[in-house]
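Biologist: Hello! I am new to this structure and would enjoy a close look at a single part of it. Could you choose one helix and walk me through its surroundings?

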Amino acid sequence: MFALRLSIFVAFVAAFIPAINPARVSELINSNDSLFTNMVSFDSITSGFGRALNQNWVEPSTLTIIFVGAIICGVGIALLGAAFCLSLGNAKLRRLGVIFVPIASVLGFGGTTILRLTYGILSNSPRVEMVQPVMPNGNLIFYGIFAVVLAISVATWFSLPKPVAGEKYELDPKYRLFLMILPFLVLIFLFAYLPLWGWRLSFFDFRPGFELSMDDFVGLQWLTFLFENPATRNRIGQVLTNTLAMSGIGLATAWLPMMFAIFLSEMRTKKLKRSVQTLTTIPNFISWVLVYSVAFAIFSTEGFFSWMLMSLGIIEEGTNWLMSGDHVWIKMWAWGTWKGLGWGAIIYLAAIAGIDQELYEAAEVDGAGRFRKMWHITVPGLMTTFFVLLLLGISNILNSGIEQYLVFSNPMTEPTIEVLDLYVYNLGIAQGDNIAMATLVGMLKSVISIILLFTANGASKILRGESIV
């Protein structure tokens with residue numbers, strides 16, 4: 001069974017390797033695209049064929065066939081993944097999983113054959129030199145992978161013990177729990193760890209639109225430039241000041257969600273409690289673009305606030321308060337607190353629900369009032385949760401986000417609102433003139449965040465005797 005699982009794992013990994021992509025039947029398909037990319041995105045196939053389609057050198061149906069072939073291969077690999085999961089069960093479940101393998105292999109052979117045939121179609125194009133058909137290297141490799149998987153599944157079928165009469169389909173609890181979190185682990189790998197491969201851009205003189213192999217390797221040149229150039233050094237200093245200041249204000253007021261959770265838990269009227277919790281949680285699900293729209297409607301030149309002050313005779317003409325560069329750090333903290341206070345209180349409400357109720361009963365017998373019970377039972381009961389979140393906040397002190405500061409940014413507020421994430425965005429995307437430098441700054445930010453996490457965890461272990469890592 002181990003051999004079958006290993007071969008299925010190899011097939012799954014092969015779907016993410018661009019070098020053996022069987023769907024790359026033309027040089028016009030990006031060499032960095034894997035089979036997975038081509039089967040989930042039709043645009044990844046058609047993006048390079050714009051001129052060929054306009055000149056009728058390639059029929060649109062041919063590209064559709066490539067997409068269909070990639071999807072069929074992908075479905076075969078997905079069935080192999082299902083067979084892998086079933087192989088973790090009892091004998092009856094394993095036999096069911098082995099049945100999936102021939103079906104998946106047939107689909108894999110069929111999809112790979114379709115992709116191979118599209119190479120022949122492209123080779124008959126009236127302008128072959130413009131279409132640039134290429135026999136994909138991965139074609140034979142995928143044939144081999146599916147053939148090996150099929151052969152091993154046949155051998156495994158005859159080696160499996162027959163299920164006992166009346167035996168049900170069962171999966172070991174430890175594997176069941178693992179499969180429950182597997183989709184989330186895959187998402188974390190795809191969106192948190194796989195992008196780290198892009199860090200290599202910081203060591204090249206990267207030029208958008210060119211292959212990385214065509215760019216010059218410069219080593220630590222950008223790191224040297226970051227600290228040697230006075231203008232860049234001054235800007236980095238201002239950006240770090242903004243980031244640390246706004247994150248520091250957030251850390252200094254990190255107790256607010258905890259206090260708000262205690263306030264909610266002390267409400268006696270359930271309807272009022274639910275209403276307040278709902279109203280304070282909803283802003284978390286509102287995008288920052290909509291938040292800025294609300295702010296603009298209230299604080300712009302013709303907004304509600306200016307209208308009210310003019311009606312009262314306090315001011316003579318409207319003022320655009322959003323364009324003011326005064327107290328930007330406090331303003332951003334206020335908007336962030338309004339948006340996240342109710343959501344941040346949820347985890348504390350769960351912690352409050354886990355406090356032993358006998359402690360409150362014993363305190364009440366001893367004569368403790370409502371405030372005493374809050375101070376001596378609820379607050380100490382939440383300290384562990386508070387310090388865990390505080391340590392995570394310290395490690396993320398440089399990760400202040402981008403959405404809020406991007407939508408509120410304008411020429412007047414830019415000097416004091418540009419945080420590190422917004423600086424990376426401006427450097428690499430908005431200006432687009434130095435993606436390598438932006439990558440380097442982002443990489444340094446991640447490394448420093450990890451150092452801060454372990455430093456804060458070590459301090460917590462020394463001072464409190466508890467750690468989270």
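Modeller: Here is a walk along one helix, followed by the pockets and another helix that covers part of it. Please keep in mind that this is a predicted model.

Let us start with α18, which runs over residues 370-395. This helix has 26 residues, and from its first C-alpha to its last it reaches 36 Å, close to the 38 Å expected at 1.5 Å a residue. If you follow α18 along its path, you will find a bend of about 40° at methionine 383.

Now look at which side chains are tucked away. The buried residues of α18 are Lys373, Ile377, Thr378, Val379, Leu382, Thr385, Phe386, Leu390, Leu391 and Ser395. What lies over them? The cover includes α11 (230-252), α12 (256-265), α16 (328-353), α17 (357-365) and α22 (435-463).

Some of these names come back when we turn to the largest pocket, whose volume is about 1,100 Å³. Its lining has 36 residues, and Gly250, Leu251, Gly336, Thr337 and Gly340 are the closest to the pocket's centre. Our helix α18 takes part here too: α11, α12, α16, α18 and α19 (403-408) each supply at least two residues of this lining. The greatest contribution is that of α16, with twelve residues. By residue kind, the lining of the largest pocket holds 20 nonpolar, 14 polar and two charged residues.

To set beside it, there is the second largest pocket, with a volume of about 590 Å³. Here 18 residues form the lining, and Phe16, Ser34, Phe189, Leu190 and Leu194 lie nearest the centre. The elements giving two or more residues to this second lining are α1 (2-14), α2 (35-40) and α9 (173-193). The largest share is from α9, with five residues. The lining of the second largest pocket divides into 13 nonpolar, three polar and two charged residues.

Finally, let us return to a helix from the cover of α18. Among the elements over its buried residues is α22. This helix α22 has 29 residues and reaches 42 Å from its first C-alpha to its last, close to the 42 Å expected at 1.5 Å a residue. After α22 comes glycine 465, where phi is positive, near 75°.

So much for the tour. As you look again at the model, you might trace α18 to its bend at methionine 383, then find the largest pocket, to whose lining α18 supplies at least two residues.

Definitions and conventions. Residues are numbered from 1 along each chain as its sequence is written. This is a predicted model: local features need pLDDT of at least 70, side-chain atom pairs count only at pLDDT 80 or more; totals for chains, interfaces and linings use all residues. Side-chain values use heavy atoms; hydrogens and water are left out. Helices (H or I, at least four residues) and strands (E, at least two) are DSSP runs, numbered from the N terminus. The expected span of a helix is 1.5 Å times one less than its number of residues. The bend at a residue is the angle between axes fitted to the seven residues ending there and the seven starting there. Buried means under 20% relative accessible area, exposed over 50%, partly exposed in between (1.4 Å probe, protein chains only). Contact means heavy atoms within 4.5 Å. On a 1 Å grid over the protein atoms alone, a cavity is a set of points where a 1.4 Å probe fits but cannot get out, and a pocket is an open set with protein on both sides within 12 Å along at least five of seven lines; lining residues have an atom within 4 Å of a point. Grid points are joined across faces, edges and corners, and a volume is the space filled by probe spheres set on the points. Ala, Val, Leu, Ile, Met, Phe, Trp, Tyr, Cys and Pro count as nonpolar, Asp, Glu, Lys and Arg as charged, and the others, Gly among them, as polar.
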